[in-house]
Amino acid sequence: MSGELPLNINIKEPRWDQGTFMGRAQHFFMVTDPRNVLLSSETLDDARVTVENYRAGIVKPGLTEDALWKAKYVYDSAFHPDTGEKMFVIGRMSAQVPMNMAITGSMLTFYRTTPAVVFWQWVNQSFNAVVNYTNRSGDAPLTVNQLGAAYVSATTGAVVTALGFKSLATRLPPIMSRFVPFVAVAAANCINIPFMRQRELKYGIPVTDENDNRLGESPGAAKQAILQVIVSRIGMAMPAMAIPPVIMNALEKKAFMKRFPLLNAPIQVGLVGLCLVFATPLCCALFPQKSSMSVSRLEPELQERIRQISPQTTTVYFNKGL
């Protein structure tokens, strides 16, 4: 009977083996599924109730294992893993493909003038700031002043970086100027993500033992987490911002594109979307969501605390964020 679903299914962890790249990829294809953005609040809340009840030992009549895992992934796509709060919709990883599809496509289409570069870089970094804040690691809140300072610093640095690369590209062949948005975005990610997560770098993020018992907060773990996220984000942007320019450079020489120049934007957005559908989950899967590091690499005070409260622990775990 489906109502006899066992209570030993570990839904605290992903359904697939996170020790392998393929297992992580399967997991993130579910988490980043753009269709999750369209789910109603009622559906999201129902998934949360299903997951929380199951963790408490309450099984809804008729619940199957597949339905439980589906509820778990709907829950994961909308609720923060540390705070349990419902995330702002455009900051969710399931919104990455449709949002980046529109923004990146526009950046690649309107890259020739300085006002266009400034506007679209500002839009992109504003969106990234929302994503970085929404998917931060840890459960400590940012104050309005901290958030405002981080946003202004990150977006200003990103726009200045973009303009700098644009000026350099004027001395390069025309095809190279098409890659200015990617170079600027890659550099801007190195600015935006640390700024939006600066509180983690200062105070640390929660680290736990293998049984999820909280052991303390570590700035060193935060540095590793943020570095991994930066690498993932740059990798995520690379196919979407490097492949379409090459294709569009060839297409724009064709007669039909010269005859119908308005096709440029929709074709470019479509190409970006196709790249992002695969690049987003595959690059999220480069590193485990539940990252780890040796106790010997932690801060001396935290090492001492762990030796006192959990002497058998040699490795700690933490949510790296996305």
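**Close-up views of a predicted model**

**View 1. R35 and its partner D33.** At a relative accessibility of 61%, R35 counts as exposed. The model shown here and in the other views is predicted. R35 is joined by a salt bridge to D33, and the closest N and O atoms of the two are 2.7 Å apart. D33 has a relative accessible area of 15% and is therefore buried, since the cut-off for buried is under 20%. The bridge thus has one exposed end, R35, and one buried end, D33.

**View 2. A salt bridge within helix α2.** Helix α2 covers residues 41-55 and holds both D45 and R48, which are three residues apart, about one turn of the helix. The side chains of D45 and R48 form a salt bridge with an N to O distance of 3.5 Å. D45 is partly exposed at a relative accessible area of 27%, and R48 is also partly exposed, with 27%.

**View 3. A salt bridge from helix α2 to the loop that follows.** D46 and K60 meet through their side chains in a salt bridge of 4.0 Å, N to O. This pair links distant parts of the chain, with D46 in helix α2 and K60 in the loop between α2 and α3 (65-78), 14 residues apart. D46 is partly exposed at 44% relative accessibility; K60, with a relative accessible area of 39%, is partly exposed as well. Elsewhere, E13, D212 and K290 are joined into one network by salt bridges that share partners. The salt bridge count comes to ten.

**View 4. The hairpin of β1 and β2.** Strands β1 (residues 205-208) and β2 (residues 214-218) run antiparallel and are joined by four bridges. Opposite P206 stands E217 of β2. The two strands form a hairpin with five residues between them, and D212 in the turn has a positive phi of about 70°.

**View 5. The two sides of helix α13.** In helix α13 (residues 300-309), the buried residues are L302, Q303 and I306. Their arc around the axis is only 105°, so they lie on the same side of α13. The buried residues of α13 pack against β1, β2 and β4 (315-319). P300, E301 and Q308 are exposed on the other side of α13.

**View 6. The whole chain, for orientation.** The protein chain contains 13 helices and four strands. Its C-alpha trace spans about 65 × 50 × 35 Å along the principal axes. The radius of gyration is 22 Å, which agrees with the value near 20 Å for a compact globule of 322 residues. Of these 322 residues, 48% count as buried.

Notes. Residues numbered from 1 in each chain as written. Predicted model: local features only at pLDDT ≥ 70, side-chain atom pairs only at ≥ 80, totals over all residues. Heavy atoms only, no water. Pairing = 2+ DSSP bridges. Buried < 20%, exposed > 50% of the residue type's maximum accessible area, 1.4 Å probe, protein only. Arc of directions from axis to C-beta. Contact = heavy atoms within 4.5 Å. Rg over C-alpha atoms; globule rule 2.2 N^0.38 Å.
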